[in-house]
Amino acid sequence: MEAARSFFEAAGAKVILLSWLKTPGGNHYHAVTCLDPSIKKPFGVFKFGKSKTKLYSNSGHVFNHKAPEEIAEAYTKYSKWDWPAGI
C-alpha cells in the first residue's frame, strides 16, 4: 500500500484516503516516510534503494474493537446486493 501511495504522489496525485482490509495477526504497518532515491518518473523503471519507515502496531491503533464483526456484516450485505442491470 505504501508503494502505491508513493507512486501516486510522485505522479502528481494528492492521496487523501488509503484504505485496506487487514486480517488479524501480529503484523505491523510500516508507513514509508522517505524513499531514496525519490520517485521522479512514476511510469518508468524504479530501482529501489533505501527507505525510512514509521511503525504502527497492529493492535495499538484499534479504535473500534467491534470492527471485525461490522466489516463481516457489511461484506455479507454487499455480497448479496442486487446489482442494477447493465453494470
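The following paragraphs describe the fold, the side-chain interactions and the surface of a single chain, as seen in a predicted model.

The chain contains two helices and two strands, and these elements follow one another from the N terminus in the order α-β-β-α. Helix H1 covers residues 2-10, strand S1 covers 29-36 and strand S2 covers 50-56, while helix H2 spans 67-79. Of the 87 residues in the chain, 10% are buried. The accessible surface of the chain amounts to about 7,700 Å², and 61% of this area is supplied by carbon and sulfur atoms. When contacts between residues at least 6 apart in sequence are considered, 48% of them join residues at least 24 apart.

One such link across the sequence can be described at the level of individual rings. The model holds one aromatic pair, which is formed by Phe7 and Phe46 in an edge-to-face arrangement, with a centre-to-centre distance of 5.6 Å and an angle of 85° between the planes. The angle accounts for the assignment, because planes over 60 degrees apart count as edge-to-face. The two partners are 39 residues apart and belong to distant parts of the chain, Phe7 being located in helix H1 and Phe46 in the loop between strand S1 and strand S2. Phe7 has a relative accessible area of 27% and is therefore classed as partly exposed, and Phe46, at 26% relative accessibility, is likewise partly exposed.

Charged side chains provide a further set of interactions, with two salt bridges in the model. In helix H1, the side chains of Glu9 and Arg5 form a salt bridge with an N to O distance of 2.8 Å, and the contact between these two side chains, also at 2.8 Å, is registered as a polar contact. Glu9 and Arg5 are four residues apart within helix H1, a spacing of about one turn of the helix. With respect to solvent cover, Arg5 is buried, because its relative accessible area of 17% falls under the 20% limit. Glu9, by contrast, has a relative accessibility of 37% and so counts as partly exposed.

The other salt bridge joins the side chains of Lys77 and Glu73, with an N to O distance of 3.3 Å. Both residues lie in helix H2, and because they are four residues apart, about one helical turn separates them. Lys77 is exposed, as its relative accessible area is 57%, whereas Glu73, at 46% relative accessibility, is partly exposed.

The region around the C-terminal end of helix H2 also contributes to a nonpolar patch on the surface, which is made up of Tyr75, Tyr78, Trp81 and Trp83 and has about 520 Å² of accessible area in total. Within this patch, Trp81 is placed in the segment that follows helix H2. The relative accessibility of Trp81 is 46%, so this residue is classed as partly exposed; the value also satisfies the requirement for patch membership, because residues must have over 30% relative accessible area to be included.

Taken together, helix H1 holds Phe7 of the aromatic pair as well as the salt bridge between Glu9 and Arg5, and helix H2 carries the salt bridge between Lys77 and Glu73.

Definitions and conventions. Residues are numbered from 1 along each chain as its sequence is written. This is a predicted model: local features need pLDDT of at least 70, side-chain atom pairs count only at pLDDT 80 or more; totals for chains, interfaces and linings use all residues. Side-chain values use heavy atoms; hydrogens and water are left out. Patches are made of residues with over 30% relative accessible area and no salt bridge: like charges are joined within 9 Å, nonpolar side chains (Val, Leu, Ile, Met, Phe, Trp, Tyr) within 5 Å. Accessible areas come from the Shrake-Rupley method with a 1.4 Å probe; for residues, only the protein chains shown count as cover. A salt bridge is a side-chain nitrogen of Lys or Arg within 4 Å of a carboxyl oxygen of Asp or Glu. Buried means under 20% relative accessible area, exposed over 50%, partly exposed in between (1.4 Å probe, protein chains only). Rings of Phe, Tyr and Trp (its six-membered ring) pair if their centres lie within 6.5 Å; planes under 30 degrees apart count as stacked, over 60 as edge-to-face and the rest as tilted. A polar contact is a pair of N or O atoms within 3.5 Å; within protein, one must be able to donate a hydrogen and the other to accept it, and residues adjacent in sequence count only if both atoms are side-chain atoms. Contact means heavy atoms within 4.5 Å.
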